[in-house]
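This report looks at charged side-chain pairs and at the surroundings of one residue. Please view the sequence and the structure together before reading on.

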Amino acid sequence: MKKICKNIAHLRHLKGFSQENMAEQLGITRSRLSSWEEHRAAPPIDMLIKLSDYFNISVDSLVKIDLTKVQDLRDLLKIGGNRILFPVMVDQDQNDLIELVPLKASAGYLDGYADEEFIENLPRISLPYATSGKFRAFPIKGDSMPPLESGAYVIGKYVENIDDIKDGDTYVVLTQNDGLVYKRLYNTTKADGTIQFHSDNKAYLPYNIKPEDIFEVWHFVCSLNPTDRPVSDLLYNAIQDIQNSLVGFKLDARKMIAQS
């Protein structure tokens, strides 16, 4: 209960409201609000829901998370229909630090992405240039997005609204059924109510996911790739494979003509 009481008082101060103002907007007495903030009473369930709507934050976050760490309401980023704490950490030079999701932790990210303790325990890195916003680094698996290979990391900037997806850009996306994926996205919600996921490796077919099955979207900023093989090599190999296929096709055609 103590955490709830501290959160109510802190969020009220961030909004710049007096107890009188907030109590009036909630339709309660000032003394009742004061009793919550001073830890003399706890708000009942119906008022927790009302406070959740008032601050535009989930009841779960209001109850479980220490929101006194938030010094700016912009640190409360939208997840689904509510907001949850995404504290922006900075280094000694006030540059934003980037949370890194290790490969071993990526399997549990679907369960831990909204867990304060899970996020706080992630290692952090900094970039050699100024950044502004909420960033996180994710491990890449598979070969669906060349030139990135398994073991690479993509650093993404948090996208608060799916409508802000830019067609053809790449994103790390947390989905309900597939967990973390890195794909090129196309917003087709107006056409068929889904987001299209495309791989740059055309051996993988595109697929669609409904927005309600998407929990987080992170816009590509940069990558850390553990290979020094240039893209030109990949393109050359692809061209060579096509040429070899054409040579084989011509030889088969000649045999058929000779046999006829």
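In this predicted model, E99 forms a salt bridge with R124, with the closest N and O atoms 3.7 Å apart. Because E99 lies in strand β3 (residues 98–100) and R124 in strand β4 (residues 124–125), this pair ties together parts that are 25 residues apart in sequence. E99 is buried, with a relative accessible area of 1%, whereas R124, at 28% relative accessibility, counts as partly exposed. Salt bridges that share partners join E99, R124, K134 and R136 into one network.

A search of the whole structure finds seven salt bridges, among them the three tabulated here.

| Acidic residue | Basic residue | N to O distance |
|---|---|---|
| E20 | R30 | 3.0 Å |
| E99 | R124 | 3.7 Å |
| D200 | R184 | 2.7 Å |

The salt bridge between E20 and R30 ties together parts that are 10 residues apart in sequence, since E20 belongs to helix α2 (residues 19–26) and R30 to helix α3 (residues 30–37). Both partners are partly exposed, E20 with a relative accessible area of 45% and R30 with one of 41%.

D200 and R184 meet through their side chains and link distant parts of the chain, 16 residues apart, with D200 in the loop between β9 (194–198) and β10 (207–209) and R184 in strand β8 (residues 179–188). D200 is partly exposed at 26%, and R184 counts as partly exposed at 24%.

Turning to T175, this residue lies in strand β7 (residues 170–175) and counts as buried at 2% relative accessibility. The T175 side chain reaches the backbone nitrogen of D178 at 3.0 Å, and the residues that T175 touches include L110, V181 and F197.

Note on methods
Residues numbered from 1 in each chain as written. Predicted model: local features only at pLDDT ≥ 70, side-chain atom pairs only at ≥ 80, totals over all residues. Heavy atoms only, no water. Helix = DSSP H or I, 4+ residues; strand = E, 2+ residues; numbered from the N terminus. Buried < 20%, exposed > 50% of the residue type's maximum accessible area, 1.4 Å probe, protein only. Polar contact = N/O pair within 3.5 Å; in protein donor to acceptor, adjacent residues only side chain to side chain. Contact = heavy atoms within 4.5 Å. Salt bridge = Lys/Arg side-chain N within 4 Å of Asp/Glu carboxyl O. Lists of a residue's contacts leave out its neighbours within four places in sequence.
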